[in-house]
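Please look over the sequence and the structure shown here before starting on the exercises. Each one sets a task and then works through a solution step by step.

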Amino acid sequence: FYMVDGEGFRKIATLSSPESGLCLTCSSDADGILVYTGNGISNRLGKQGIIYQRNWGVCLETGQLPNAVNLPAYRDRVVRQPGTGYHSATEFVVSHDPRG
């Protein structure tokens, strides 16, 4: 889990590939982001018969500090009174720059 500086809705992560020119930008109002990679993938059958290899995947998950309930400065972000709502927003934008 990576804590992200700032508050409110803002850009919190960018993934890019100079080889393909693809770029994924993640914006959110969350406190941070979890990054999962495909390190555990090894020779798995995927779509259209393609064999997925190690590191062929990545996932970004926005959220609150996992230990927030134990930290007074963050507790009120995860412990809610009955009947109160919680709202958060995350946006992913995929773009392509053919120049890489």
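The exercises that follow concern a predicted model, and each solution takes one residue or group of residues at a time.

**Exercise 1**

Task: Find where S28 and S27 sit, decide whether each is buried or exposed, and list what they touch.

Solution: Begin with S28, which has its place in strand β3. The relative accessible area of S28 is 0%, and since buried means under 20%, S28 is buried. Next, look at its surroundings: leaving aside neighbours within four places in sequence, S28 is in contact with G8, F9, R10, I12, T62, S88, A89 and T90. With one of these, T90, the side chain of S28 makes a polar contact of 3.0 Å. For a sense of distance, the C-alpha atoms of S28 and L60 are separated by 11 Å, with their positions 32 residues apart along the chain.

Now turn to S27, which lies in strand β3, residues 22–28. Its relative accessibility is 11%, and S27 therefore counts as buried. When residues up to four places away in sequence are not counted, S27 touches F9, R10, K11, I12, A89, T90 and E91.

**Exercise 2**

Task: Name the residues of the largest nonpolar core, and then describe the contacts of L60.

Solution: The largest nonpolar core has 6 residues in all, namely V4, I12, A13, C26, I33 and L60. Taking L60 from this set, and not counting residues up to four places away in sequence, the residues touched by L60 are A13, L15, L24, C26, I33, L34, V35 and F92.

**Exercise 3**

Task: Which residues make the nonpolar surface patch, and how accessible is L15?

Solution: The patch is made by Y2, L15, V35 and V58, and covers about 360 Å². One of these residues, L15, is placed in strand β2, which spans residues 10–16. The relative accessible area of L15 is 30%, so L15 is partly exposed.

**Exercise 4**

Task: Compare the places and the accessibility of Q64 and A68, and describe what each one touches.

Solution: First, Q64 is placed in the loop between β7 (58–63) and α1 (72–78), and A68 is found in the loop between β7 and α1. Second, Q64 has a relative accessible area of 18%, which means that it is buried, and A68 counts as buried because its relative accessibility is 1%. Third, with residues up to four places away in sequence not counted, Q64 touches F1, A30, D31, R77, V78 and Y86. The side chains of Q64 and Y86 are also joined by a polar contact of 3.1 Å. Leaving aside neighbours within four places in sequence, A68 is in contact with Y74, R75 and V78. Finally, A68 and A89 are 21 residues apart along the chain, and their C-alpha atoms are separated by 19 Å.

**Exercise 5**

Task: What is the sign of phi in N43 and in N55, and where do these two residues lie?

Solution: Phi of N43 is near 55 degrees, a positive value in a residue other than glycine. Phi of N55 is near 70 degrees, again a positive value in a residue other than glycine. As background, most residues other than glycine have a negative phi. N43 is placed in the loop between β4 (32–37) and β5 (44–45), while N55 is placed in the loop between β6 (51–52) and β7. At 53% relative accessibility N43 counts as exposed, whereas N55, with a relative accessible area of 45%, is partly exposed.

**Exercise 6**

Task: Locate E19 and S95, and relate each to a residue elsewhere in the chain by its C-alpha separation.

Solution: E19 is placed in the loop between β2 and β3, and with a relative accessible area of 81% it is exposed. The C-alpha atoms of E19 and Y2 are separated by 26 Å, although these residues are 17 residues apart along the chain. S95, in turn, is found in strand β8, residues 90–96, and counts as partly exposed at 35% relative accessibility. From C-alpha to C-alpha, S95 and P66 are 30 Å apart in space and 29 residues apart in sequence. Leaving aside its neighbours within four places in sequence, S95 is in contact with G21, L22 and C23.

Methods
Residues numbered from 1 in each chain as written. Predicted model: local features only at pLDDT ≥ 70, side-chain atom pairs only at ≥ 80, totals over all residues. Heavy atoms only, no water. Patch = residues over 30% accessible without salt bridge, like charges linked within 9 Å, V, L, I, M, F, W, Y side chains within 5 Å. Areas by Shrake-Rupley, 256 points an atom, 1.4 Å probe, with all protein chains shown as cover. Salt bridge = Lys/Arg side-chain N within 4 Å of Asp/Glu carboxyl O. Helix = DSSP H or I, 4+ residues; strand = E, 2+ residues; numbered from the N terminus. Buried < 20%, exposed > 50% of the residue type's maximum accessible area, 1.4 Å probe, protein only. Contact = heavy atoms within 4.5 Å. Core = buried A, V, L, I, M, F, W, Y, C linked by side-chain atoms within 4.5 Å. Polar contact = N/O pair within 3.5 Å; in protein donor to acceptor, adjacent residues only side chain to side chain.
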